[in-house]
Amino acid sequence: MTSSGAAEVLRRLQRRGETLGVAESLTGGLVAAELTSVAGASRCFRGSVTAYATPLKRDLLGVDGTLLAERGAVDPDVARSMADGVRRVLGADWGVSTTGVAGPEPQDGKPVGTVFIAVSGPGGIQKVAELRLNGGRADIRKESVRSLLELLSGELGENARAQDTEQIGGN
């Protein structure tokens, strides 16, 4: 995996004085493991919820039960709701989530390699990305972690630059 990606995310969060919560399904705790492999992660990382079973997405993270019943767990709106929910449940500034199909069988009518990752942040920031990944189960899970950390790092970088501009540009 990419502990350098995790280290970059944690460095950016610490510089901003913000925290992170993680909601995982197909990655089963790999995002949290990657983050906590970095010394000092506790300064920013609040914790994680591994909601592998669909009812836990509803019961722990507040994902709408009707949405889950109609579309299944592998859905962009489910990913967005998981990220929002973990932010709320863990009291974090930022929430991220993974949901998808690592295989070996399709799920909810979605083929193996279909993954949705999401970021939810301060000021209503929300970003969802759909991944179409190839390879075996381990490859799909590993790439999901890498892609999520990259997505979050990009959001933290863009927003950090916007905040710097706002602070510098006033009269």
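Student: Which helix holds Leu-30?

Tutor: Leu-30 is found in α2. A helix here is a DSSP run of H or I with at least four residues, a strand is a run of E with at least two, and both are numbered from the N terminus. Keep in mind that this is a predicted model: local features need pLDDT of at least 70, side-chain atom pairs count only at pLDDT 80 or more, and totals for chains, interfaces and linings use all residues. Residues are numbered from 1 along each chain as its sequence is written, while side-chain values use heavy atoms, with hydrogens and water left out.

Student: Why is Leu-30 called partly exposed?

Tutor: Set the value against the limits: buried means under 20% relative accessible area, exposed means over 50%, and partly exposed is in between (1.4 Å probe, protein chains only). Leu-30 has 22% relative accessibility, so it counts as partly exposed.

Student: And what makes Ala-32 buried?

Tutor: Ala-32 lies in helix α2 too. Its relative accessibility is 10%, so Ala-32 counts as buried.

Student: How is Asp-108 classed, and why?

Tutor: Asp-108 has a relative accessible area of 38%, so it is partly exposed. You'll find Asp-108 in the loop between β3 and β4. Its phi is near 50 degrees, which is a positive value in a residue other than glycine. Pro-104 lies in the loop between β3 and β4 as well, and the peptide bond leading to it from Gly-103 is cis, with omega near 15 degrees.

Student: Why is strand β4 called mostly covered?

Tutor: Just count: eight of the eight residues in β4 (114–121) are buried. Thr-114, Phe-116, Ala-118 and Ser-120 sit on one side, with Val-115, Ile-117, Val-119 and Gly-121 on the other, and both faces are covered. That odd-and-even pattern has a simple background. In a regular strand, side chains alternate between the two faces of the sheet.

Student: What about β3: how many of its residues are buried?

Tutor: Seven of seven, which puts β3 in the mostly covered group. Trp-94, Val-96, Thr-98 and Gly-100 point one way, Gly-95, Ser-97 and Thr-99 the other way, and all are buried.

Student: How do you know that β3 and β4 pair?

Tutor: Two strands pair if DSSP finds at least two bridges between them. Six bridges join β3 (94–100) to β4, and the two run antiparallel. Thr-99 stands opposite Phe-116, and Ser-97 has Ala-118 as its bridge partner.

Student: Which way do β1 and β3 run relative to each other, parallel or antiparallel?

Tutor: Parallel, joined by five bridges. There, Val-22 stands opposite Val-96 of β3.

Student: What makes β4 and β5 a hairpin?

Tutor: They pair in the antiparallel sense over eight bridges, with β5 covering residues 125–132. One such link puts Ser-120 opposite its bridge partner Gln-126. Three residues lie between the strands of the hairpin, and Gly-123 in the turn has a positive phi of about 70 degrees.

Student: What makes a set of residues a nonpolar core?

Tutor: The set must consist of buried Ala, Val, Leu, Ile, Met, Phe, Trp, Tyr and Cys residues joined through side-chain atoms within 4.5 Å. The largest one here has 30 residues, and Val-9, Leu-20, Leu-35, Trp-94 and Leu-152 have the most contacts inside it. Elements giving two or more residues to this core include α1 (3–16), β1 (20–24) and α2 (30–36). α6 supplies the largest share, seven residues.

Student: Why is something called a pocket and not a cavity?

Tutor: On a 1 Å grid over the protein atoms alone, a cavity is a set of points where a 1.4 Å probe fits but cannot get out, whereas a pocket is an open set with protein on both sides within 12 Å along at least five of seven lines; lining residues have an atom within 4 Å of a point. The largest pocket holds about 160 Å³ of space. Of its 15 lining residues, Leu-26, Tyr-52, Gly-100, Val-101 and Gln-107 are the closest to its centre. α3 (54–61) and β3 are the elements that give two or more residues to that lining.

Methods. Grid points are joined across faces, edges and corners, and a volume is the space filled by probe spheres set on the points.
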